[in-house]
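Open the model in your viewer and keep the selection panel at hand. The tour goes from one helix to its neighbours, and then to the aromatic rings.

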Amino acid sequence: MRLLIALILIVITGCSFTPELKKPEIELPSSAKGGTMFPPLGSPSEINKGDLAKSKALEPQWWRQFNDPMLTQLIEEALKKNDDLLIAASRIEQARAILGISSAELYPLITAGASASRTKNSEEAPNNGKGTTSNNFSLSSMVFYEIDLWGRLRNEKKAGLSRLLSAEAARESLRLSIVSSVVSTYFNLLSIEQQVKTAEEIMNRQKDIYEFRQKQLSHGVIDELVVEQAHAEYQSTRLVLEGLKTQKETLKSSLSVLLGKSPKEIFGDDYELSRDMPEVLPVPPFLPSEILQRRPDIIQAEEALEASNFEISVARAAYFPRISLTGILGLQSTELSNLIQSSAVFWNIGASAAMPLLDFGRTKGNVALKEAQKEEALLQYVKTVRTAFKEVYDGLVSLGQSIKRLEAQKEQLESLEKVIRLAEKKYEKGLTDYLTVLDSQRGYLNARLNLIRLRTEVINNYIFLYKALGGEWQRL
């Protein structure tokens, strides 16, 4: 008998319905274009950790480097009121509640009850108590406990914890996206504001030129063609200006939605934008691949994979019996005065086991479903890791190229400033036609606007790179 019990215990403790979770090996880059290094994950890094810790791109509140109090205020407001973040927080509370339920299932369920009744029997009833009146009073407590032999309840709890961690990571991923969107929208708004001022400045200059040409026409110095050309150029810049103003209003409403403002507030918002575009922030010379492990979307995919793996074991446990213990302890008496006595005590204890005898493939189908869901979670994890490295690569390349374009645009603008001065002087001396002057003015306007756009592009690429690196956040 003892040998049989020992063998049963060995079988029980040796059984594990949780499949081994093997994450696929993904080949990671050792370097990226531009000289930025990516040591392989898990290998010793020769990078100076102190220098890496000082990297501006790795600071938690990286947007404070722009020294813009209004930007900081907008981000803080978005993190408190953004609708999507509030929804994500609600999902975390749901996952936390599910984990609490799963944890409670590991412990006995204890209930208490009381009853009181008074019964009058029929005088025509076929028993010895004809016409009698009787009382029944009772107090009882019941205990129900499922013995978790197969680990079903424990694995449900583990799956619930992984789902909670995944929900937390999803919120952090959304938080990172919202912060990046607020910063990007804010600087795009600054950029449009500067483009509007530039277009207004040039338009006012063209208006003065147009009015001056009208005076020249009235004195017979020039013909009407030159006046109409000046007027057409002036109106062309007005069209550019109106388009920029439309973009400005659209960006304002987008920023208001990110901040969780009401429709009334969206229509009433008027952001004061008085500062210039900030200088380009430095990119860290070394980016070890370990930093991508903190990306919240990778953590989210990893925890979802863990949860799917535990849920397979929960489904497999349905093949085996669920063994439960029940017990009742209470007091019962026909007289209330005799209820609290040792003679009124009653109790009952028992055990039960239940398992499917013929479920026509239900359990098998459920196990197959969980295994397929795990396979999906595994593929999603691999895709997320690959996407993370792609985004970092794209961010580094885009940032480097946009900086080069910005430098080239600065040099072009300097040349165009000389061209416009020379064209105007030659026209006044009669050495060239007015169309050359118009072309130089048009090129100068486009170059100035494009310079502002390129500065904005550099900032946006920096923001994209920060987002690709995953930001800073605390896991549970």
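Select helix H6, residues 224-258. This is a predicted model. H6 has 35 residues, and its first and last C-alpha atoms are 52 Å apart. That span is close to the 51 Å expected at 1.5 Å a residue. Step just past the end of H6 to Gly 260, which takes a positive phi of about 70 degrees.

**H6 against H5**

Add helix H5, residues 152-218. The axes of H5 and H6 lie 8 Å apart, at an angle of about 160 degrees. An angle over 145 degrees counts as roughly antiparallel, so that is how H5 runs relative to H6. The crossing of H5 and H6 is left-handed. Colour the contact of H5 with H6 by residue class: 17 residues are nonpolar, 10 polar and 10 charged.

**H5 against H10**

Keep H5 and bring in helix H10, residues 434-469. Here the axes come within 9 Å and cross at roughly 170 degrees. H5 and H10 are therefore roughly antiparallel as well. The contact of H5 with H10 holds 14 nonpolar, 12 polar and six charged residues.

**Aromatic rings**

How many aromatic pairs does a search of the whole structure find? There are four. Two of them are described here in turn, beginning with Phe 66 and Phe 187.

Show the side chains of Phe 66 and Phe 187. Their ring centres are 4.8 Å apart. The planes meet at 65 degrees, so the pair is edge-to-face. Now look at where each ring sits. Phe 66 is in the loop between helix H2 (49-53) and helix H3 (69-81), while Phe 187 belongs to H5. The pair therefore ties together parts that are 121 residues apart in sequence.

Are these two rings buried or exposed? Phe 66 is buried, with a relative accessible area of 4%. Phe 187 is buried too, at 0% relative accessibility.

Go on to Tyr 210 and Tyr 234. This aromatic pair is stacked, with 6.3 Å from centre to centre and 10 degrees between the planes. Tyr 210 sits in H5 and Tyr 234 in H6, 24 residues apart, so the pair links distant parts of the chain. Both Tyr 210 and Tyr 234 are buried.

For the last stop, return to Phe 66 and Phe 187 and add Tyr 186. Ring pairs link these three residues into a cluster.

Technical notes
Residues numbered from 1 in each chain as written. Predicted model: local features only at pLDDT ≥ 70, side-chain atom pairs only at ≥ 80, totals over all residues. Heavy atoms only, no water. Axes fitted to C-alpha atoms, helices over the stretch in contact; angles between N-to-C directions. Helix = DSSP H or I, 4+ residues; strand = E, 2+ residues; numbered from the N terminus. Parallel < 35°, antiparallel > 145°, perpendicular 65-115°, else oblique. Nonpolar A, V, L, I, M, F, W, Y, C, P; charged D, E, K, R; others polar. Left-handed = near helix turned anticlockwise from the far one by under 90°. Expected span 1.5 Å × (residues − 1). Phe/Tyr/Trp six-rings, centres within 6.5 Å; stacked < 30°, edge-to-face > 60°. Buried < 20%, exposed > 50% of the residue type's maximum accessible area, 1.4 Å probe, protein only.
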